[in-house]
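Here are my notes on the model you sent over. I kept to the charged pairs and the ligand site.

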Amino acid sequence: VTVTLFTPVQVGPHALANRVVMAPLTRCRAGAGGVPTVLNAEHYAQRATAGLIVAEATAVSAQAHGFPDAPGIYNQPQLEGWLGVTEAVHRGGGRIFCQLFHAGRMSVPALQPEGAVPVAPSAVAPRGDLWTAAGKVPLGVPRALETDEVEEIVESFRRAAEFARAAGFDGVEIHAANGYLVAQFLEDGSNRRTDEYGGTVENRIRFALEVTRAAVGVFGAARVGVRVSPGSPFNSMHDAKPGTLYPALAAALSPLGLAYLHGVEADLSNPGDFQMGNFGGAPNAITREMRRSFRGPYITAGGYDGPKAAAVLAAGEADLVAFGRGFIANPDLVRRLREGAPLNEVDFSTLYGGGARGYTDYPSL
Ligand SMILES: Cc1cc2nc3c(=O)[nH]c(=O)nc-3n(C[C@H](O)[C@H](O)[C@H](O)COP(=O)(O)O)c2cc1C
């Protein structure tokens, strides 16, 4: 029998009704102090027919922030805000993981406690600007973390996982993709360290393994996933040998028995010209190799529509497919995919910040 988007699937302890995953989507609409609101709960509840929702990048500490008005999961008010979200999703029959996030060098002093310089594995600046409430701010040279500070950040991931569990999440996803802190440790363009967290592949994957194990210690492995974006140049990322690095990471994660591995599929044929639209819509050479090194469910993301998703599942190249922009504009994406119905277009002017417009007012069929 051919596997489709609507074939039920087991992910850890969760029997999912379908293989349509809502990709993590930062929308910069949390309340003051990074506390999720009733509006956020409504947004996620509207999308609860997804087999699994991965909630937006959520700061594991005050230092972890890299977007204005993005949520956190490191104090009691944030926990209570998220409880409203998870309860609303569960009432709708859905399941929701929290994406544990640290921005690393993709932040600016205006988003840091006491205006501190953002931290990273090494003092290597990303290119470009960061959008903040005060407009665009140039990204600067980050401060390289001391070894004992790295251990403190692992501990902040562990504490965040505890808050996430208390907030009713069904699991957590480690954000090791798209050029944020965990990815900055993985790739040699941003990691020039000479301690046990830098140099060899074994050393560069150490931080990712430690934060994953920290979350596993709280949730159990079957409720922890990891998201990576092999070969993607987004956020000034580069690695000399991603085809070695990412399979090595997958092989090291595999024996843990995780809920899933989640890959953002970069279009490797277009490496110098990465934009939001520049995703493969299929596994690439690196993620194919990575998946061979991992036993457990594989979620593929980036550039999928209904036919491409059907093809990747039928070929057995992935077990679930995540949709980002599709879910922004279509709360009932699952139904539309099932019926082959047309999709609403994304309004790019309302992606980040603001209120209900472009967030909870996209129409269902
Ligand atoms: C507005 C917006 C916000 C995003 N925020 C996140 C995020 O918080 N965490 C993450 O891992 N990826 C994030 N992404 C990437 C998406 O999860 C997804 O990988 C990407 O949009 C490609 O999938 P698509 O072609 O289905 O849109 C974001 C993408 C968009 C468009």
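The points below take the salt bridges first and then the ligand.

1. Before anything else, keep in mind that this is a predicted model. Searching the whole structure turns up 11 salt bridges, and I go through a few of them here.

2. Start with E155 and R158, a salt bridge whose closest N and O atoms sit 2.6 Å apart. Both residues belong to helix α3 (residues 147-166), and because they are three residues apart there, about one helical turn separates them. E155 is partly exposed, at 30% relative accessibility. R158 is also partly exposed, with a relative accessible area of 27%.

3. Next up is R204 with D239, where the closest N and O atoms of the salt bridge are 2.9 Å apart. This pair links distant parts of the chain, 35 residues apart: R204 is in helix α5 (residues 201-204), while D239 is in the loop between β11 (224-228) and α7 (242-253). Are the partners buried or exposed? R204 counts as buried because its relative accessibility is 6%, under the 20% cut-off. D239, with a relative accessible area of 7%, is buried too.

4. R288 and E317 make another salt bridge, with 2.7 Å between the closest N and O atoms. R288 lies in helix α8 (residues 285-292) and E317 in the loop between α9 (306-314) and β14 (320-323), so the salt bridge ties together parts 29 residues apart in sequence. R288 has a relative accessible area of 34%, which makes it partly exposed. E317 is partly exposed as well, at 26% relative accessibility.

5. Back to E155 and R158 for a moment: they are joined with R159 and E162 into one network by salt bridges that share partners.

6. Now the ligand. Which residues come nearest to the ligand? There are 19 residues around it, and T26, R227, G303, G324 and R325 come nearest. By type, the shell divides into 10 nonpolar, seven polar and two charged residues.

7. For polar contacts, look at R325: an N or O atom in its side chain is 2.6 Å from an oxygen atom of the ligand. On the nitrogen side, a polar side-chain atom of Q99 lies 2.8 Å from a ligand nitrogen. N178 has a side-chain N or O atom 3.3 Å from a nitrogen atom of the ligand. As for cover, the ligand taken alone exposes 610 Å², and the protein buries 95% of that.

Definitions and conventions
Residues numbered from 1 in each chain as written. Predicted model: local features only at pLDDT ≥ 70, side-chain atom pairs only at ≥ 80, totals over all residues. Heavy atoms only, no water. Salt bridge = Lys/Arg side-chain N within 4 Å of Asp/Glu carboxyl O. Helix = DSSP H or I, 4+ residues; strand = E, 2+ residues; numbered from the N terminus. Buried < 20%, exposed > 50% of the residue type's maximum accessible area, 1.4 Å probe, protein only. Near = heavy atom within 4 Å. Polar contact = N/O pair within 3.5 Å; in protein donor to acceptor, adjacent residues only side chain to side chain. Areas by Shrake-Rupley, 256 points an atom, 1.4 Å probe, with all protein chains shown as cover. Nonpolar A, V, L, I, M, F, W, Y, C, P; charged D, E, K, R; others polar.
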